[in-house]
Amino acid sequence: MLKRYEDEGRQGEDRPIVLLSRESNSGTYVYFLEEVIRLGEESELLFSPETLLMPSSEGISAEIRQNPNAIGYDGLGYVTPDQKMLGVAKDAGDPYVLPSADTVNDGAYPISRELFMYTAGEPQGAVKAYLDYILGEGQGLIKALGFVPLTD
Amino acid sequence: MPGSARIQPANAGSARRYAVQRFGFALLVLASLLVVIPILFVIGAIVVRGLPAISLEFIFGMPSDGMKAGGIWPAIVGTLLLTAGTAIVAIPIGVGGAIYLAEYAHDTMLTRAIRLAIVNLAGIPSVVYGLFGLGLFVLFLNFGTSILAGALTLAIMTLPVIISTAEEALRAVPVEFRTVSASLGGTRWQGISNIVLPQALPGIITGVILGLLRAGGETAPILFTVAAFYLPSLPRSPLDQTMALPYHLYVISTQVPGMPEKIQYGTALVLLVLVLSLNLLASWIRNYYRRKRQW
Amino acid sequence: MKFGAQPRARAGWSEFALESVVRIAGFSTIGFVLLIFLFLLREGIPFFVEVPLDQLLGRYWYPTFDRFGILPLVLGSILVTIASVLIALPLGVATAVFVREVAPSWARDILKPLIEVLAGIPSVVLGFFGMTLVAPVIREVLGAPTGLTAFTGALILAYMALPTVISVAEDALDAVPKSYRDASLAMGATQWQTIWRVVVPAAKSGILTAVMLGMGRAIGETMAVMMVTGNAARMPITLDSLVRPVRTMTATVAAEMGEVAQGSIHYHALFGIGIALFVLTFLINLAGASAIFQKRRRGGLR
C-alpha cells in the first residue's frame with residue numbers, strides 16, 4: 001500500500017499520504033468505495049483504517065486546503081480554486097480528464113453518480129411543483145453552486 | 001493557609017535547599033502560566049477574529065445566503081429557549097431534591113443510593129444523554145425532535161449540578177438558624193422556607209446559573225433531540241425544532257463550504273459572550289453575598 | 001434530631017405534603033439513572049445479541065459494511081483519555097499547589113476566576129479553536145502527517161479537565177490540617193519541602209479523586225474530540241499512535257447517529273457503545289467520588 005508520496009514516484013517529496021473521506025454513513029462514501037476502490041466489482045476491499053473520516057465535504061475541503069499531505073474526494077461544488085483537482089483516466093492508456101460539468105455529462109470523467117428522486121406514483125400537487133422547480137429554475141442554481149446540472 | 005507558610009524556619013539551613021525551593025516555585029509559576037495563558041489566548045483569538053463580524057444585523061438578523069450572510073438570531077433565540085426550558089424543569093426538581101438531602105434525609109441506604117445516582121448522572125457523557133433523549137423523548141414518547149425533547153434531556157443532564165450546589169448552599173447555613181426557628185415555634189418547613197432557603201439563596205442561584213450556562217453550551221445532547229441547521233422562521237411551539245448556538249457553530253465550522261471565517265468566529269464569540277457573562281454574573285452574586293453573609 | 005415544633009393538625013398535613021414533594025424530587029434522581037440505563041439497554045442489547053463476540057472485539061469498524069469491531073474505538077478513547085490525564089495531572093496539581101500554598105493573594109485573585117472561565121467555555125468552542133488554530137500548529141511543529149491527532153485531542157481534553165482537577169486537588173490540599181505544615185516548618189523544612197514531603201502526600205487520596213474525576217470528564221467528552229482527532233478508526237497500538245488520527249467512542253456515536261436507520265444493527269450498535277460509555281464513566285466516577293462521601297458536613301441537619 002502506498003504510504004508516502006515518494007513511493008508513488010513523486011520526486012523530492014518524502015511526505016506521508018493523508019487519506020480523507022466522508023463519514024461511513026454518507027452516500028458519497030459508499031459510492032466511492034464501490035466504484036473507485038472496488039472498481040465496480042464484488043470485493044472485500046475497504047477504506048484503509050488510517051483514513052480520516054471527516055464530518056462533511058467541507059471538512060475534507062478545509063483539511064486539503066491547509067495540509068499539503070492530504071488527499072481526498074469531494075463533491076464538485078465543494079472544490080475551490082485553491083485546491084488541486086486530479087485528472088482521472090477511465091482505463092490505463094486513456095487520456096486523463098479533469099472533472100467539470102461538461103466532462104461529467106458527456107461521460108469523459110468516469111467518477112460521477114446520479115442523484116435520484118423517488119415519488120410514490122406519478123408526482124402530484126406540492127411534490128410535482130417541487131420537482132418542476134428542480135428541473136427548471138433549480139438547474140440554474142445547481143450550475144451556479146458548481147455542481148453538475150442535468151442534461152436534457 | 002498561606003499565612004502560616006510564611007514562617008521562616010529558625011535554622012536558615014543550607015543555601016541549596018532554598019535554591020531548590022526557588023527553582024520549584026518557578027516551576028509552579030510556569031505550570032500556572034501554562035494553564036492560564038492558553039485560556040487568554042483562546043478568548044483573545046476568538047474576540048479578535050470574531051469581532052469584525054459582530055453587528056446589530058448579525059445578532060438580531062435572520063440568516064441568509066445559506067447561512068453565509070445575515071444574522072444568527074434564530075440560533076440565539078433557540079439557545080435561550082432551550083436554557084429557559086431546562087431551568088423550568090431542572091430548578092424545581094433540583095432545589096427540591098437538595099432540600100430533601102440537606103434537611104430531611106437520614107443516612108440510610110436509600111439516601112446513599114440517591115447520592116450515588118447524582119454522582120452517576122453527573123458523569124454520564126453528554127452524547128449518551130443525547131442517545132437517551134432520542135430513545136425516550138423523541139421516539140418512545142413521540143415528541144419528535146423538538147424543543148420539548150431537547151429541554152427535557154438538558155434538564156436531566158443539569159440536575160446533578162443543581163442538586164449538588166444547592167445542597168452545599170443549604171448545608172452552609174449553620175444549624176443555629178434552624179434551632180432558633182424551631183425554638184420560636186416554627187415547623188420544619190417554616191424554618192426552611194423562611195430562614196434557611198433565603199440564606200442559602202445566593203449559593204443556590206450561583207449553582208443554578210452555572211448549571212444553566214453549561215446546558216446552554218452543550219451540543220451533543222441536542223444533536224439528535226432538537227437541533228436543526230437552517231430554519232426559515234423562529235419556533236412557534238415547544239414541539240418545533242429550533243436552531244441553537246453550539247450546534248450552529250459546529251455545523252458552520254465543519255459542514256458548510258465557503259463559510260467566511262469571521263462568521264464562524266463571530267458565532268463562537270456570541271456563544272462565548274453569552275456563557276461568560278452568565279459566569280461573571282454567578283461569580284458576582286457569590287462574592288457579593290459572601291460579604292453580606294450573616295454568619 | 002428533628003427540628004420543628006409539634007405541628008397542628010392542618011399544618012401537619014401540609015408539612016407532610018411538602019416533605020413528600022421534596023422526597024420525590026430526591027428520589028427522582030435514582031429514577032432518572034434507572035430510566036437512562038433502561039433505555040440504553042432496551043436499544044443497545046440487540047447489538048450484543050446479534051453481533052458475535054469475536055466480531056465485536058474485532059479491529060475493524062465499518063458499520064455500513066457490517067463490520068462492527070469496537071476495539072479501535074475503545075482503544076482510541078482510552079489513548080486520548082490517558083494522554084489527557086498525563087497532561088492535566090501535573091499541570092493541575094502544580095497549579096492547585098501554587099494557588100493554595102504559594103501564590104500571593106493578588107495572583108490568586110487573577111488565577112481563580114480565569115480557571116472558572118475555562119470551566120465555562122463550551123466544548124464546541126474549544127473544539128473549534130483546536131480545529132482551526134491548534135491542529136495546523138501541531139502538524140508543523142511535530143511534523144505529523146496531519147494535525148488532527150490523538151495528541152491534539154488529548155491536549156484539548158486536558159484543558160477541559162483542568163478546572164475539575166484543580167478544584168478537587170485544591171479541596172484536597174485544603175483538607176490537610178494546618179498543624180501539619182506548621183510542624184514541618186518548625187522542624188526546619190523549607191516551604192517547598194513541606195509541600196512535597198508533607199502536604200501533598202497527606203492529600204494523596206484527594207488528588208487521586210481529582211485524577212479519576214478528570215479522567216471521567218475526558219472519556220465522556222464528545223464535540224471537542226470529534227472536531228480535532230480526525231476520526232480514523234485505526235488501532236492505536238503503534239508507537240506513533242499519539243501523533244496519528246484516532247476515533248473515540250463518543251465521536252463515533254455523535255457522528256453516525258444522525259443518519260442511521262432506526263432499528264438497524266448500526267442503530268443498536270451505537271446504543272451499545274452508549275452502554276459501554278455509561279458503565280465506564282460510572283465506574284470511574286464511582287472510584288473518584290467514594291472519597292466525597294466522607295467529606296465533612298458543616299451545617300444542615302444531618
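Chain A meets chain B through 7 residues on the A side and 4 on the B side, where contact means C-beta atoms, placed from the backbone, within 7 Å. The A side divides into 2 nonpolar, 4 polar and 1 charged. Here Ala, Val, Leu, Ile, Met, Phe, Trp, Tyr, Cys and Pro count as nonpolar, Asp, Glu, Lys and Arg as charged, and the others, Gly among them, as polar. This is a predicted model: local features need pLDDT of at least 70, side-chain atom pairs count only at pLDDT 80 or more, and totals for chains, interfaces and linings use all residues. Residues are numbered from 1 along each chain, with chains lettered from A and ligands numbered from 1 as written.

**Nonpolar core**
- The largest nonpolar core holds 202 residues; such a core is a set of buried Ala, Val, Leu, Ile, Met, Phe, Trp, Tyr and Cys residues joined through C-beta atoms within 7 Å.
- C:Val125, C:Leu157, C:Leu162, C:Val165 and C:Ala169 have the most contacts inside it.
- Beyond four places in sequence, C:Val165 contacts residues including C:Ala88, C:Leu89 and C:Val211.

**A:Leu52**
- A:Leu52 sits in strand β2 (residues 52-54) of chain A; strands are DSSP E runs of at least two residues, and helices H or I runs of at least four, numbered from the N terminus.
- A:Leu52 is buried because 27 other C-beta atoms lie within 10 Å; the cut-offs are 20 or more for buried, 12 or fewer for exposed, and partly exposed in between.
- Its contacts beyond four places in sequence include A:Val18, C:Thr146 and C:Pro245.

**C:Leu57**
- C:Leu57 lies in the loop between α2 (53-56) and β1 (61-62) of chain C.
- C:Leu57 is partly exposed, with 13 C-beta neighbours inside 10 Å.
- Beyond four places in sequence, C:Leu57 touches C:Gly69 and C:Leu71.

Definitions and conventions. Two residues are in contact if their C-beta atoms, placed from the backbone, lie within 7 Å.
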